[in-house]
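These are my notes from a session spent looking through one model, entry by entry. I began with a helix pair and worked outwards to the chain as a whole.

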Amino acid sequence: MATLSDIAVSAAINSLSAILFLVAFAILRLQPINDRVYFPKWYLKGIRDSPTSSGTYVKKFVNLDVKMYLKFLNWMPAALRMPEPELIEHAGLDSAVYIRIYLLGLKIFCPIALLSFAVLVPVNYTGENFEEMKTNMKDLTYSDIDKLSISNVAPGSSRLYAHIAMAYVFTCWTCYTLYNEYMIVAKMRLHFIANERRRPDQFTVLVRNVPPDADESVSEHVEHFFCVNHPDHYLTHQVVYNANTLADMVLEKKGLQNWLTYYTNKYERHPNKRPTTKEAERERVLNDPNAIMASAFVSFRSRWGAAVCAQTDQSHNPTKWLTQWAPEPRDVYWDNLAIPYVELNLRRLLMAVALFGLTFCFMVPIAFVQTLANIEGIQKVFPFLRPLIEMGSVKSVIQGYLPGIILKIFLILLPTIIMTMSKIEGWTALSALETRSAGKYYLFLLVNVFLGSIITGTALQQLKEFMNQSPTEIPKTVGVAIPMKATFFITYVMVDGWSGVAAEILRLVPLIVFHLKNTFLVKTEKDREEAMDAGSLTWAVSEPRIQLYFLLGLVYSTVTPILLPFIVIFFAFAYLVFRHQIINVYDQKYESGATFWPDVHRQIIIGLMISQFLFLGLLNTKKATNATYFLVPLPILTFWFFRFCKGRFESQFRRFPLEDAMKKDTLERATEPNLNLKLYLQDAYVHPVFKGSMEFERPRVVDEEENSPLVATKRSIRRRGNQGNQDDNAEDIMGISAV
């Protein structure tokens, strides 16, 4: 078992690593090369001096003061100085609310840590349960840290009531903080929407599963339907093309742009060899009716009209004419719009099965990591390794650093795999893709990193006890050993949290990748600018990791409080680092208006309820049946709190209030009476391969009759031609109105 000295060595190693990362960041951020600095822009934002026309380097950066390099923490005050409204204006609401997740962690765990150390640590340390158990279980392994946990409290002891009381206090404080934060974020969202500039998605809905019509094309059918059912508000629409093949060709062309001169000269000499594949594919997409999907972006004359359409049923058949708010144009994931709607449920079922298999197959490497984290267990099973393991330095490194490193290596490719699975599921917005990927990744971390570490670690740690004792005693051994896994999670928080966050600000891997690209791949200034792109915040990776720390803090707050200071340090350090990164490094890829917050709230509540159920199970192993009854109402009350918050706030993140929509429309009509909204919206939702180049012709947007809410369709024209009288034509119009 890890002792206090082992944890101290691990803390020293990880703290030193973090400091080295920060010093390296300060040097790389300010180090001049000859008479200019040339580093990726994420080290130059905010400190540029006389950039060139391309803005790619700094000329004559003269700050050669060596003392400046010693002030490697001077970025921290600057990161805290920007007020939140300015941060929202600078980086968007999504980024500002993301930072508040770290702040929420500090609000929850700072008071909990103080109470735990004031009440529970003395209660646990004076329990002396291990001394009594050692007489009956001579092979039981424990450390000084375990004496600070609930495992050192004797079964049936009245001391357990202190833990139950603290469980209620911690739950009440967590729920109180969550409620206040939910209310703050909801107000921020409403204020952001009210003050937000005009955007195309405010006037547009995405329509899926347009029913086929034998007499009309998809475009005509969409125009007809919305002119009839939304006559006062429908403005225009853009059908969705399956342009994925064309997009791949455009991407290939972009990759070969550096050879444009060579090929131009070549085909001028041999014009008959000029490739025509791209042009043929463009013509096929524009002219083939099968390339038009049963989907469209439909725009309205007002936000109010779009809100009514997006938030109501359009047909008596709930599977047809499905409407939802259109993503922001930057947020659209165009590849998935080409997936037929009927395939989505099957795709999501298959990916759920794949996620299940991936999650439980990962138990094997988790068991390997836990083997490294339990030195005494290895000594019992493989006694020939004892001389090597008993070397103090080797033991400290293995216990304090190696398990977390190996676990991070195993997890490197996992976010990419999960993101690919979410793409296969067919989500049409990047924000939805990242939110669903974050949910899957958190489930994976919950099952493997948390539950898997406890289960496999317990089995390995008490292997001889498992083999020799009767089956009825195994739950007792597991219940006693669960708090002992706090030592592994302490080292994991330090490796993944402290060192990981410090490595985030250094961004060493992107820096190396940039220089490799600059050396071997960059041939134009445009290539260099693309190589210098700092990217955006990786929500699908960062948010699940935060949720894991919330889970660890909530679970161990009443079990092994010694973990809490490490959690608090992580949240404080991460808050500073990511505030700096959002201000100076990352670009905003899209803006969802913090629609992810209900998912954040729900996952923290799930973590809270998991902590309560685990604590309830632990008390059962402590022969505290009477005391357990006092804990039963706690998860019930927590679930009621979740339902209350869901009913109170969630609609504000899923719907756009009609009152607010009408206010913005009225204000806009008063301030911009001559606004040509159709001109503003006409190119907003055209596929990117049809934009930005004269090579590709933009698809035609079908226009409705401006002076009439009814549109002449192929069906009505055919009827007029066959019947040829005005009365029948009137009946036809009546029939159209009834559709």
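**Helix pair.** I looked up how helix 24 (residues 486–506) and helix 27 (residues 539–556) are arranged in this predicted model, and found that they pack at an angle of about 145°, with their axes 12 Å apart. The crossing of helix 24 past helix 27 is left-handed. I then listed who makes the contact: helix 24 contributes Ala 486, Phe 489, Tyr 492, Val 493, Asp 496, Gly 497 and Val 501, while helix 27 contributes Arg 545, Leu 548, Tyr 549, Leu 552 and Tyr 556. By class, the residues in this contact of helix 24 with helix 27 come to 9 nonpolar, 1 polar and 2 charged.

**Nonpolar cores.** Which members of the largest nonpolar core touch the most other members? I noted Tyr 98, Phe 450, Leu 552, Tyr 556, Phe 571 and Trp 597, out of 121 residues in that core. Helix 5 (residues 93–125) is the element that gives the most to this core, supplying 15 residues. Apart from it I found another core, of 25 residues, which includes Val 222, Ala 243, Ala 306 and Val 689. Two of the names in the largest core, Leu 552 and Tyr 556, had already come up on the helix 27 side of the contact with helix 24.

**Trp 597.** I followed Trp 597 further, setting aside its neighbours within four places in sequence, and recorded contacts with Val 97, Ile 101, Leu 104, Glu 181, Tyr 182, Val 185 and Phe 653.

**Ala 167.** Is Ala 167, which sits in helix 7 (residues 160–195), buried or exposed? I count Ala 167 as buried because its relative accessibility is 7%, against a cut-off of under 20%. Not counting residues up to four places away in sequence, Ala 167 touches Thr 558, Phe 615, Leu 631 and Leu 634. I also checked Ser 557, which is 390 residues from Ala 167 along the chain, and the C-alpha atoms of the two are separated by 8.3 Å.

**Whole chain.** I closed with the totals: the chain has 35 helices and 6 strands, and buried residues make up 52% of its 739 residues. Taking the contacts between residues at least 6 apart in sequence, I noted that 83% join residues at least 24 apart. The chain exposes about 34600 Å², of which carbon and sulfur atoms supply 62%.

Methods: Residues are numbered from 1 along each chain as its sequence is written. This is a predicted model: local features need pLDDT of at least 70, side-chain atom pairs count only at pLDDT 80 or more; totals for chains, interfaces and linings use all residues. Side-chain values use heavy atoms; hydrogens and water are left out. A nonpolar core is a set of buried Ala, Val, Leu, Ile, Met, Phe, Trp, Tyr and Cys residues joined through side-chain atoms within 4.5 Å. Buried means under 20% relative accessible area, exposed over 50%, partly exposed in between (1.4 Å probe, protein chains only). Helices (H or I, at least four residues) and strands (E, at least two) are DSSP runs, numbered from the N terminus. Contact means heavy atoms within 4.5 Å. Axes are lines fitted to C-alpha atoms, for helices over the stretch in contact, and angles run from 0 to 180 degrees between N-to-C directions. A crossing is left-handed if the near helix is turned anticlockwise from the far one by less than a right angle, and right-handed if clockwise. Ala, Val, Leu, Ile, Met, Phe, Trp, Tyr, Cys and Pro count as nonpolar, Asp, Glu, Lys and Arg as charged, and the others, Gly among them, as polar. Accessible areas come from the Shrake-Rupley method with a 1.4 Å probe; for residues, only the protein chains shown count as cover.
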